[in-house]
Amino acid sequence: MEVENAMGVAGGFKPTMSPEEIAQNKMIVDSYNKSLNTNGRVAQQSLGKDDFLKLLITQLSNQNPTDPLDDTEFIAQMAQFSQLEQVTNMNANFEKLNDSLTANQAVSTIGKKVELGIGDTVTGGIVEAVTYGANPQVKVGNMYYDLKQIQAVYGD
């Protein structure tokens with residue numbers, strides 16, 4: 001006579017879950033995810049490189065010792081992680097490049113006559129100064145305008 005374990009399965013490990021167990025686990029996960037929003041944390045819809053690494057470490061820590069992760073599968077996951085990190089670094093560099101190009105564009109308008117679109121009206125003048133940052137501004141007269149408001153730039 002076989003003895004049932006704590007999961008109610010005779011003889012050992014049960015590799016599959018019943019529909020009731022799946023529904024119960026889904027309810028627990030959904031409840032937990034909702035609690036994240038109420039505790040000041042917001043669940044994200046995308047995974048970053050830190051999340052990917054945590055998943056990989058968890059997978060390695062909890063793998064079945066009698067059937068460990070296949071070498072080729074592990075190498076493929078590490079390659080995916082490396083690729084994700086490179087894309088993230090490239091994106092950060094593109095943002096820096098974009099900020100630099102925008103700042104250079106703003107500086108190149110100093111001393112030039114510009115036409116500015118402000119709602120339905122158009123005004124203009126000579127650019128006296130510029131500000132740096134994510135959204136550079138040009139000073140025309142005594143007012144600062146967003147660089148995006150420039151409709152035309154005229155030479156000297």
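Asn135 is found in the loop between β2 and β3. In this predicted model, Asn135 is exposed, with a relative accessibility of 51%. The cut-off for that class is over 50%. The C-alpha atom of Asn135 lies 8.6 Å from that of Ala103, although 32 residues separate the two along the chain. This loop is a convenient place to start.

Step back to the whole chain. The protein chain has three helices and five strands. Read from the N terminus, the order is α-α-α-β-β-β-β-β. The chain has 156 residues, and 15% of them count as buried. The exposed surface of the protein chain comes to about 12200 Å², with 55% of it supplied by carbon and sulfur atoms. Take the contacts in the chain with a separation of 6 or more: residues 24 or more positions apart account for 38% of these.

Now the sheet. Strands of a sheet pair through backbone hydrogen bonds, in a parallel or an antiparallel sense. Here the five strands form an open sheet with antiparallel pairing, in the order β4-β3-β2-β1-β5. Which strands stand at the edges? They are β4 (143–146) and β5 (150–154). Each has a single partner strand, so one side of each is left without a neighbour in the sheet. Neighbouring strands of the sheet are turned by 45° against each other on average, direction ignored.

Return to the loop and follow the chain around it. β2 and β3 form a hairpin with five residues between the strands. Gly133 in this hairpin takes a positive phi near 125°. The two strands pair in the antiparallel sense over four bridges. Val130 stands opposite Val138 of β3 in this pairing.

The next turn leads from β3 to β4. These strands also form a hairpin, with two residues between them. Gly141 sits in the turn and has a positive phi of about 70°. Four bridges join β3 (residues 137–140) to β4, and the two strands run antiparallel. The partners can be read off residue by residue. Val140 is bridged to Met143 of β4. Lys139 has Tyr144 as its bridge partner in β4. Val138 is bridged to Tyr145 of β4.

Where do the side chains of β3 point? In a regular strand the side chains alternate between the two faces of the sheet. β3 shows this alternation. Val138 and Val140 point to one face and are buried. Gln137 and Lys139 point to the other face and are not buried.

Val127 links this region to other parts of the chain. Val127 belongs to strand β2 (residues 121–131). Is Val127 buried or exposed? Its relative accessible area is 1%, so Val127 is buried. Beyond its neighbours within four places in sequence, Val127 is in contact with Val138, Lys139 and Val140, among others. Thr109, Ile110, Gly111, Lys112 and Val114 are also among the contacts of Val127. The C-alpha atoms of Val127 and Val107 are 9.4 Å apart, with the two residues 20 positions apart along the chain.

Next, helix α3. Thr102 lies in this helix and counts as buried at 18% relative accessibility. The cut-off for buried is under 20%. Leaving aside neighbours within four places in sequence, Thr102 is in contact with Pro136 and Leu147.

Leu97 also has its place in α3, which spans residues 71–107. Leu97 is partly exposed, with a relative accessible area of 45%. Together with Met90, Phe94 and Leu101, Leu97 forms a nonpolar patch on the surface. The four residues have about 420 Å² of accessible area together.

Last comes helix α1. Side chains of opposite charge can pair when their charged atoms come close. How many salt bridges does a search of the whole structure find? The search finds one. The side chains of Asp30 and Lys26 meet in a salt bridge, at 3.0 Å from N to O. Why are Asp30 and Lys26 separated by about one helical turn? The reason is that they are four residues apart in α1 (residues 19–38). Asp30 counts as partly exposed, at 32% relative accessibility. Lys26 is exposed, with a relative accessible area of 52%.

Terms used: Residues numbered from 1 in each chain as written. Predicted model: local features only at pLDDT ≥ 70, side-chain atom pairs only at ≥ 80, totals over all residues. Heavy atoms only, no water. Pairing = 2+ DSSP bridges. Axes fitted to C-alpha atoms, helices over the stretch in contact; angles between N-to-C directions. Patch = residues over 30% accessible without salt bridge, like charges linked within 9 Å, V, L, I, M, F, W, Y side chains within 5 Å. Areas by Shrake-Rupley, 256 points an atom, 1.4 Å probe, with all protein chains shown as cover. Buried < 20%, exposed > 50% of the residue type's maximum accessible area, 1.4 Å probe, protein only. Contact = heavy atoms within 4.5 Å.
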